[in-house]
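Subject: Structure handover

Dear colleague,

I am passing on the structure we spoke of, with sequence and coordinates together. Please open it alongside this message, since the notes refer to it throughout.

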Amino acid sequence: MVAVVITGRGGAGKTTMTANLGAYFAKSGYRSLVIDGDLYLPKLAFHFGIYTPQYNIHTLLKNPDMRVVQAVYHDPRTGVDVLPGSSKLSDVINLDQRRLRDIVREIQTRYNITIIDSPVGIPFDTISTFRLAQYQLIIVEIERCPIHSVHRMIENEVIKLKSIGDAYGLKVGVILNKVRESSENVRDIVDFLEYSIEVPVVGVVPFDRRVPEATNYGRPVIDYAPRTKASKAISEAGGILDEWVFGKKERKGPLARLYEALLSLLHRTSVPSLKKL
Ligand SMILES: Nc1ncnc2c1ncn2[C@@H]1O[C@H](COP(=O)(O)OP(=O)(O)O)[C@@H](O)[C@H]1O
Ligand SMILES: [Mg+2]
């Protein structure tokens with residue numbers, strides 16, 4: 001019963017991340033729902049090979065008596081449930097997007113996690129759902145440009161979007177996407193976000209041509225090509241979110257576990273001396 005709203009600039013990868021994180025949580029055994037909140041340009045369902053859904057978020061918005069489950073589709077490959085948007089322009093006209101909140105409120109009780117995709121920039125279509133959510137993820141596309149302009153771009157974009165999440169009391173995180181920068185520059189950007197803007201970075205996803213390829217096949221990349229660079233990075237981000245949301249520790253490799261075991265041993269032996277203080 002946790003809701004995450006995804007925001008960010010156009011083309012940053014919001015829809016891609018919604019589909020893939022939804023798939024990550026379903027794969028991890030959670031009941032996972034993704035909702036297309038980009039009411040004017042819905043594309044989320046394409047990531048699951050759903051192109052012309054008869055019932056969808058728009059039919060729900062226009063027919064308040066319809067049950068929300070009627071417009072939910074199960075993707076058997078990933079285990080994700082999808083509440084798609086309509087691909088027909090006529091459905092998009094004269095919408096009352098405030099009802100979106102009632103729809104999300106009704107359906108999310110059936111799921112462990114609900115992820116809501118948003119339109120470009122300030123998320124006017126999905127703002128009503130911020131009241132139901134607990135988390136906001138800002139997807140930031142890192143373009144190849146001089147590092148000082150990256151800072152300015154991030155400042156301009158992330159601070160505005162974060163202030164919306166802050167106003168609703170959401171825990172906010174950032175995912176850097178389409179990253180092609182050197183690891184040194186990425187480190188600099190992550191530090192800037194975490195120390196200057198004070199927003200944690202949940203994931204760093206590289207630019208990977210297999211991402212659009214997967215979408216062309218109607219599948220999230222973590223399902224289509226789980227070993228590709230982007231899929232591994234998305235799964236890592238999913239692991240961190242899993243820990244945020246459900247308090248589950250990320251699965252660690254043997255070296256990290258050994259290091260933790262040594263640390264806890266040291267900690268245990270130091271307890272008596274601490275007690276003396
Ligand atoms: N990590 C990535 N590497 C390469 N291409 C990506 C990556 N993430 C997203 N894309 C591509 O970028 C385009 C925009 O992504 P999309 O998720 O639709 O963005 P948004 O929803 O923010 O507008 C799509 O063609 C998508 O396949
Ligand atoms: Mg989108």
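What follows is a summary of what was found, going from the sheet to the core and then to the ligand.

Please keep in mind that this is a predicted model. Its strands include an open sheet of 8, in the order β3-β4-β2-β5-β1-β6-β7-β8, and the pairing within that sheet is mixed. The edges are formed by β3 (73-74) and β8 (201-206), each of which pairs on one side only.

Within the sheet, strand β2 (residues 32-36) has partners on both sides that can be described in some detail. With strand β5 (residues 113-117) β2 pairs in the parallel sense over 5 bridges, and D36 stands opposite D117 there. With strand β4 (residues 81-83) the pairing of β2 is also parallel, over 3 bridges, and in this case I35 stands opposite L83. Is β2 buried or exposed? Because 5 of its 5 residues are buried, β2 is largely enclosed by the rest of the structure. In general, side chains in a regular strand alternate between the two faces of the sheet. For β2, both faces are covered, with S32, V34 and D36 buried on one side and L33 and I35 buried on the other.

Elsewhere in the sheet, strand β1 (residues 2-8) runs parallel to strand β6 (residues 135-141), the two being joined by 5 bridges, and I6 stands opposite L137 in β6.

Turning to the core, the largest nonpolar core has 68 residues, of which V4, V140, V174, I175, L176 and V205 touch the most other members. Its largest share, 7 residues, comes from helix α1 (residues 14-27). If neighbours within four places in sequence are left aside, V174 is in contact with I138, V140, V158, L193, V199, V201 and V202.

Helix α6 (residues 183-196) offers a check on geometry: at 1.5 Å a residue its 14 residues should span 20 Å, and its end C-alpha atoms are 19 Å apart, which agrees. Just after α6, E198 takes a positive phi of about 60°, which you may wish to look at in the backbone.

Finally, ligand 1 is surrounded by 18 residues, the closest being G13, K14, T15, T16 and P212. The shell around ligand 1 divides into 6 nonpolar, 8 polar and 4 charged residues, and at least two of its residues are supplied by each of α1, β7 (171-179) and α7 (210-216).

With best regards

Terms used: Residues are numbered from 1 along each chain as its sequence is written. Chains are lettered from A and ligands numbered from 1 in the order in which they are written. This is a predicted model: local features need pLDDT of at least 70, side-chain atom pairs count only at pLDDT 80 or more; totals for chains, interfaces and linings use all residues. A residue is buried if 20 or more other C-beta atoms lie within 10 Å of its own, exposed if 12 or fewer, and partly exposed in between; C-beta atoms are placed from the backbone. Helices (H or I, at least four residues) and strands (E, at least two) are DSSP runs, numbered from the N terminus. Two strands pair if DSSP finds at least two bridges between them. The expected span of a helix is 1.5 Å times one less than its number of residues. A nonpolar core is a set of buried Ala, Val, Leu, Ile, Met, Phe, Trp, Tyr and Cys residues joined through C-beta atoms within 7 Å. Two residues are in contact if their C-beta atoms, placed from the backbone, lie within 7 Å. A residue is near a molecule or strand if its C-beta atom, placed from the backbone, lies within 6 Å of it. Ala, Val, Leu, Ile, Met, Phe, Trp, Tyr, Cys and Pro count as nonpolar, Asp, Glu, Lys and Arg as charged, and the others, Gly among them, as polar.
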